[in-house]
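User: Could you take a close look at the metal site in this model for me? I'd like to see how it sits among the parts around it, in plain bench language.

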Amino acid sequence: MMNIIKLLEDLTQINSVSGNETDIRKYIRPFVEPYCDEVYTDAIGNLVAHKKGVGKKFMAAAHMDEIGIIVTDIDDKGFARFSPIGGLNTRNLVNLRVCFANGITGVIGAQEDAFKEKPEISKLYIDLGADSKEMAEKLINIGDTAAFAGGFINRGDTVVSKALDNRAGCAVLIDTLSRVNSKNDLYFVFTVQEEVGLRGAKTAAFSIEPDIAVAVDVTDTGDTPDAPVMAVKLGGGAAVKVMDHSVICDSDIRTKMIETAKKNNIPYQLEIMPDGGTDAGAVQLTRAGVKTGGISVPVRYVHSPSETASIKDIEACSALLKSFAEQEW
Ligand code: CO
Ligand code: ZN
């Protein structure tokens, strides 16, 4: 097994906001190449790792993009305005640091009239440390994207970082590829633009035409004080997706996943995530439909710089994906 913690640290600290996945794709490619017959990037930017086999076409998808912001305007005093890329909660944004691809760091501020429960995004701005439009434009431009700054912390059993959604899923795919031994025709896809509408998964599934597909992503949990009711908890094992906002998983796949977990003593729990979708939703509706399921890493504080996950859960997800991909269909 790989050193998952080190891999996670490296993966999470790369900034690749949706639509700008070049850096993360470059990083992942050499990790998967030794285990595959072909590795390619498609037109939209998905990285496809193909390990040939004579059995069914099995597709595993993990999105490699992350949420962030995009600059929409720079004013005369050098402050930037921005739009969200993906599901940002404006309540959590004020006074956060964001990091642009070129290394420039900005601080998100709020207008005085916006200090309330949920400020409108139009009342927030990015302070770049510039005092004029000219100076700001030397640092960034309209259309530039920035990700949360959120360093990686290893607490032993748990890790804290930005972008565990979904670099945790990417780590699961990489780790699985390094040790899977399957007769199936495996396509492990690192998808783009999930956070803005499951876009990369849609084109990848269309071209691959899988018989069976599994999306690996993160899920919310219900185990913090006064959290909304949800059965998933940190440390409870791999979450077998039953349903989220985008998909009701194929019942044969779900049943087989549970059997696989039981047979191999892999800790698992059942996931119903009321809010939020995953690549599973897009893949299932491709062409004439694809039998699709999901494996999720439980994560607290999703879409914040302090996403928190359990290493044991991530290892359980990898064990489950491996055993599942090795099934005969
Ligand atoms: Co997300
Ligand atoms: Zn995600």
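Analyst: Happy to. The site of the cobalt ion (ligand 1) is irregular, with angles of 55 to 154° among its 4 donor atoms. Please keep in mind that this is a predicted model. The ideal angle for four tetrahedral donors at a metal is 109.5 degrees. The site is classed as irregular because four donors count as tetrahedral if all angles lie between 85 and 135 degrees, and the angles here run from 55 to 154°.

Who are the donors? The cobalt ion (ligand 1) is coordinated by D165 through OD, by E195 through OE, listed twice, and by H303 through NE2. These contacts fall at 1.8 to 2.6 Å. Along the sequence, the donor residues follow the spacing D-x29-E-x107-H. D165 has a second role as well: it bridges the cobalt ion (ligand 1) and the zinc ion (ligand 2), and the two ions lie 3.2 Å apart. D165 belongs to helix α4 (residues 164-177), while H303 sits in the loop between β17 (291-300) and β18 (307-310), so this pair ties together parts that are 138 residues apart in sequence. Both D165 and H303 are buried.

The backbone around D165 deserves a look too. The peptide bond from D165 to N166 is cis, with omega near 10°, and N166 is found in helix α4. A163, in the loop between β11 (158-161) and α4, is not a glycine, yet its phi is positive at about 60°. A163 is buried, with a relative accessible area of 6%. Elsewhere, N265 also has a positive phi without being a glycine, near 55°. N265 lies in the loop between α6 (251-263) and β16 (268-272), and at 69% relative accessibility N265 counts as exposed.

Now follow helix α4 away from the metal donor. T176 is in helix α4 and is buried, with a relative accessible area of 0%. Leaving aside its neighbours within four places in sequence, T176 is in contact with F188, S318, L321 and K322. With S318 there is also a polar contact between the side chains, at 3.3 Å.

S318 brings us to helix α8, where S318 is among the buried residues. Helix α8 covers residues 311-325, has 15 residues and reaches 21 Å from its first C-alpha to its last, close to the 21 Å expected at 1.5 Å a residue. Helix α8 is mostly covered, with 12 of its 15 residues buried. L321 and K322, both in contact with T176, are also among the buried residues of α8. An α-helix has 3.6 residues a turn, so residues three or four places apart point the same way. At the N-terminal end, S310 caps α8: a side-chain oxygen of S310 lies 3.2 Å from the backbone nitrogen of K312.

Strand β17, which comes before the loop holding H303, takes part in charge pairing. Side chains of opposite charge can pair when their charged atoms come close. The structure holds 13 salt bridges, and K291 appears in two of the pairs described here. One joins K291 to D250, with the closest N and O atoms 3.1 Å apart. This pair links distant parts of the chain, with D250 in the loop between β15 (247-248) and α6, K291 in strand β17, and their positions 41 residues apart. D250 is buried, with a relative accessible area of 16%, whereas K291 is partly exposed at 34%.

The other pair joins K291 to D252, with the closest N and O atoms 3.0 Å apart. K291 lies in strand β17 and D252 in helix α6, so the pair ties together parts that are 39 residues apart in sequence. D252 is partly exposed, with a relative accessible area of 44%. Salt bridges that share partners also join E66, K162 and R167 into one network.

One more salt bridge spans a shorter stretch of chain. The side chains of K123 and D113 meet at 3.0 Å, N to O. K123 and D113 both lie in the loop between β7 (105-110) and β8 (124-127), so the pair ties together parts that are 10 residues apart in sequence. K123 is partly exposed, with a relative accessible area of 23%, and D113 counts as partly exposed at 44%.

Terms used:
Residues are numbered from 1 along each chain as its sequence is written. Chains are lettered from A and ligands numbered from 1 in the order in which they are written. This is a predicted model: local features need pLDDT of at least 70, side-chain atom pairs count only at pLDDT 80 or more; totals for chains, interfaces and linings use all residues. Side-chain values use heavy atoms; hydrogens and water are left out. Helices (H or I, at least four residues) and strands (E, at least two) are DSSP runs, numbered from the N terminus. The expected span of a helix is 1.5 Å times one less than its number of residues. Buried means under 20% relative accessible area, exposed over 50%, partly exposed in between (1.4 Å probe, protein chains only). A polar contact is a pair of N or O atoms within 3.5 Å; within protein, one must be able to donate a hydrogen and the other to accept it, and residues adjacent in sequence count only if both atoms are side-chain atoms. Donors are N, O and S atoms within 2.8 Å of the metal (3.2 Å for Na, K and Ca); water is not among the atoms, so sites may look incomplete. Four donors count as tetrahedral if all angles lie between 85 and 135 degrees; four count as square planar and six as octahedral if opposite donors are over 155 degrees apart and all others between 65 and 115; anything else is irregular. Contact means heavy atoms within 4.5 Å. A salt bridge is a side-chain nitrogen of Lys or Arg within 4 Å of a carboxyl oxygen of Asp or Glu.
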